[in-house]
Amino acid sequence: MRIIDVSERLLPVSRYADRGAPEGGLTTSVVAVTTDISRHGKPVVGYGYASVGRFGQSGLIRERFAPRLLKAPEDLLINDAGDNVDPFRAWTVMMTGEKPGGHGERCVAVGALDMAIWDAASKIAGLPLYRFLARCLNRVVDDRPRVRVYASGGYLHPQNDLDNLTDEIRSFVASGFEDVKIKIGATELKRDLQRVETALAQLPDSKHLSVDAMNAYSLEQGLDAASALAPLGLRWFEDVCDPLDFPVQARIAEAYASPLAAGEALFSLAEAKLLDRHAGLRRAMDVLVFDPVHCYGLPGYIDVVDHLTSQGWARNSFWPHGGHLFCLHVVAAMGLAGAELTPLAFYPFNGLFNGAVVGGGWASLPDIPGIGFELNDGAWRVFQTLA
Ligand code: MG
């Protein structure tokens, strides 16, 4: 078993359903990893992408991590049974020669390729990713599992912001979502509070709305926002301050009695340990939103979950960032709380898959081998351009 080709392409992605709206040049990397194993007369190809919210990683993928996979001899990639790629061994191949620390965004490049390798391995095994991953982790999943989901969006719109926000939340509710998250922190607090009121007007109560400040606040701004939001009793208040400013995060946690969410912009086990030790988070109610792709892919993410659960965090505290099919599988296989979805933003990685059922805040999983990108028309169209 060898990896015989890796293709990568930089793809623009937009935070808005209207893909013509300005999006600040945001990109992601899409990758295809071709194996020398055939199914149905064709080589098995795994597909992945660098999640959303950072930028594409073309250079790192093309110059550093793909060449290591392509050069790796069979015995470094193959599983014990000799019939499939072992994604953990492939990950070790990618990380050969990498020193501890200096996480930067190399973890995002590794995570994009890692997703494609898991897609390929589960296709070779003939299983949906959630079943393949559960088997690798010795975990049991239901016969017909469902995953708790929430709809994420509500970015500040350059024009007609409140009208657009209303339309967006209405569309989420009409699509079967019960819980919603919107962005704050990109405008003054007074205007953000209007945005929160606008979103709440479309929801049964404040327990169904979370806000995400996208790491924008200083201590003073964070405390102002915390005191304004506290009386509302929101579901959670996410990404309050700089992701590595643990003293500020801890001061906000002292001042804000409702749930906080953090971890989305921390990409390593070492950073996760620092967050847990120094950010004042409360295990009984706070929420961890590490992104499995941005954390060096699944091997890195599994280490983060294993460590934090060993420290007393519940699996039910993990709501991975990312917003697409991959996290749906990860949540189902690892028994985590639920997954973020972006029904409108980040085309072609918005929505779920043809035949998906979303209702009462739960989503079904695709039942074909791999992640199921083939069942999402937009994503599949883009991945086919890599062939
Ligand atoms: Mg966030």
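Buried, on this tour, means a relative accessible area under 20%. Keep that cut-off in mind as you click through this predicted model.

**Stop 1: Thr187**

Start by selecting Thr187, in the loop between β5 (180–183) and α7 (189–200). Is this residue buried or exposed? Its relative accessible area is 18%, so Thr187 counts as buried. Now show the neighbours: leaving aside residues up to four places away in sequence, Thr187 touches Leu156, Asp192 and Arg195.

**Stop 2: the magnesium ion**

Next, centre the view on the magnesium ion. Which residues supply its protein donors? Select Asp212 (OD), Glu238 (OE), Asp239 (OD) and Glu264 (OE), which lie 1.9 to 2.1 Å from the ion. If you follow the donor residues along the sequence, their spacing reads D-x25-E-D-x24-E. Two of these donors, Asp239 and Glu264, link distant parts of the chain: Asp239 sits in the loop between β7 (237–238) and α9 (246–255), while Glu264 sits in the loop between β8 (260–262) and α10 (269–278), 25 residues apart. Asp239 is buried, at a relative accessible area of 3%, and Glu264 is buried as well, at 15%.

**Stop 3: salt bridges**

Time to turn on the charged side chains. Side chains of opposite charge can pair when their charged atoms come close. How many salt bridges does the model hold? The count comes to 18. Here are some to pick out.

- Select Arg64 and Glu98. Their closest N and O atoms are 2.9 Å apart in a salt bridge. Arg64 belongs to helix α1 (residues 58–71) and Glu98 to the loop between α3 (87–94) and α4 (106–125), so this pair ties together parts that are 34 residues apart in sequence. Arg64 is partly exposed at 30% relative accessibility, whereas Glu98 is buried at 16%.
- Move on to Lys123 and Glu374. This salt bridge brings its closest N and O atoms to 2.8 Å. Lys123 is in helix α4 and Glu374 is in the loop between β12 (362–364) and α13 (377–384), so the pair links distant parts of the chain, 251 residues apart. Lys123 is buried, with a relative accessible area of 13%; Glu374 is partly exposed, with 25%.
- Then try Arg282 and Asp286, a salt bridge whose closest N and O atoms lie 2.9 Å apart. Asp286 is buried, with a relative accessible area of just 2%.
- To finish this stop, select Lys181, Lys183, Asp212, Glu238 and Glu340 together. Salt bridges with shared partners join these residues into one network. You have already met Asp212 and Glu238 as donors of the magnesium ion.

**Stop 4: the largest pocket**

Keep Lys123 and Glu374 on screen, since both line the largest pocket. The pocket has a volume of about 380 Å³. To see the rest of its lining, add Arg39, His40, Lys42, Pro43, Val44, Val45, Tyr47, Ile368, Pro369 and Trp380. Which element gives the largest share of this lining? Colour strand β3 (residues 42–49), which contributes 5 residues. By class, the lining has 7 nonpolar, 1 polar and 4 charged residues.

**Stop 5: the cavity**

There is also 1 cavity of 30 Å³ or more to visit. It holds about 70 Å³ of space. Of the 15 residues that line it, select Asn215, Pro243, Gln249, Ala262 and Gly263, which lie nearest its centre. The lining divides into 8 nonpolar, 3 polar and 4 charged residues.

**Stop 6: backbone features**

Switch to a backbone view for the last stop. Most residues other than glycine have a negative phi, and most peptide bonds are trans. Where does a cis peptide bond appear? Select Tyr347 and Pro348, which are joined by one with omega about 5 degrees. Pro348 lies in the loop between β10 (338–341) and β11 (358–359).

In that loop between β10 and β11, also select Phe346. Its phi is positive, near 65 degrees, and Phe346 is buried at 3% relative accessibility.

End at Asn138, in the loop between α5 (129–136) and β4 (146–153). Asn138 has a positive phi too, near 55 degrees. At 73% relative accessibility, Asn138 is exposed.

Note on methods: Residues are numbered from 1 along each chain as its sequence is written. This is a predicted model: local features need pLDDT of at least 70, side-chain atom pairs count only at pLDDT 80 or more; totals for chains, interfaces and linings use all residues. Side-chain values use heavy atoms; hydrogens and water are left out. A salt bridge is a side-chain nitrogen of Lys or Arg within 4 Å of a carboxyl oxygen of Asp or Glu. Helices (H or I, at least four residues) and strands (E, at least two) are DSSP runs, numbered from the N terminus. Buried means under 20% relative accessible area, exposed over 50%, partly exposed in between (1.4 Å probe, protein chains only). Donors are N, O and S atoms within 2.8 Å of the metal (3.2 Å for Na, K and Ca); water is not among the atoms, so sites may look incomplete. Contact means heavy atoms within 4.5 Å. On a 1 Å grid over the protein atoms alone, a cavity is a set of points where a 1.4 Å probe fits but cannot get out, and a pocket is an open set with protein on both sides within 12 Å along at least five of seven lines; lining residues have an atom within 4 Å of a point. Grid points are joined across faces, edges and corners, and a volume is the space filled by probe spheres set on the points. Ala, Val, Leu, Ile, Met, Phe, Trp, Tyr, Cys and Pro count as nonpolar, Asp, Glu, Lys and Arg as charged, and the others, Gly among them, as polar.
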